[in-house]
Amino acid sequence: MGAQLEAPPAEGEDPKSATKVVAAVLAEKSKKNMLGIRTAKPRSSLQQVQAQLEVEKLANADLRSKVDELERKALETEQARLRDKEEMKRQQDELEARLLWRFGQHLPAD
């Protein structure tokens, strides 16, 4: 699995994420289990747990970075929305002031 993560991507392809590598390994393992194929060297229980922990750490790190990126983008979007809202309010106030000034000149005197 580590070799799949470290392998350079094929030309024109994006690098494989930890999530995709884990999914591929698990799919292959499930396929082998369904066909009754055993791995050449069975791992001890401790080795299996350590390997699974490493897989989960990689997947968690990948997901954490994606969540962090989405949170950053959401914050940027919210800040841009607030800037746009303030600018629209300023423009509206300016337009209303111009209209009042313009129509104020043409109002009949009482």
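The following paragraphs walk through the salt bridges of a predicted model and one nonpolar patch on its surface.

Because the model is predicted, local features need pLDDT of at least 70 and side-chain atom pairs count only at pLDDT 80 or more, whereas totals for chains, interfaces and linings use all residues. Residues are numbered from 1 along each chain as its sequence is written, and side-chain values use heavy atoms, with hydrogens and water left out.

A salt bridge is taken here as a side-chain nitrogen of Lys or Arg within 4 Å of a carboxyl oxygen of Asp or Glu, and by this rule the count comes to 11. One of them joins the side chains of Arg64 and Asp68, with an N to O distance of 2.8 Å. Both residues belong to helix H3, which spans residues 45–106, and being four residues apart there they are separated by about one helical turn; helices (H or I, at least four residues) are DSSP runs, numbered from the N terminus. Arg64 is partly exposed at 42% relative accessibility, and Asp68, with 38%, is partly exposed as well; in these terms buried means under 20% relative accessible area, exposed over 50%, and partly exposed in between (1.4 Å probe, protein chains only).

Further along the numbering, Arg90 and Glu87 meet in a salt bridge of 2.5 Å, N to O, and these two residues of helix H3 lie three residues apart, about one turn of the helix. Arg90 has a relative accessible area of 42% and Glu87 one of 31%, so Glu87 counts as partly exposed. In the pair formed by Glu94 and Arg98, the closest N and O atoms are 3.2 Å apart, and the four-residue spacing in helix H3 again corresponds to about one helical turn. Glu94 is partly exposed at 36%, whereas Arg98, at 54%, counts as exposed.

Salt bridges also occur as a linked group, for Glu69, Arg72, Lys73 and Glu76 are connected in a network of them.

Turning to nonpolar side chains, Leu95, Leu99 and Phe103 make a surface patch of about 300 Å². Patches are made of residues with over 30% relative accessible area and no salt bridge, like charges being joined within 9 Å and nonpolar side chains (Val, Leu, Ile, Met, Phe, Trp, Tyr) within 5 Å, and the accessible areas come from the Shrake-Rupley method with a 1.4 Å probe, where for residues only the protein chains shown count as cover. Phe103 lies in helix H3 and is exposed, with a relative accessible area of 51%.
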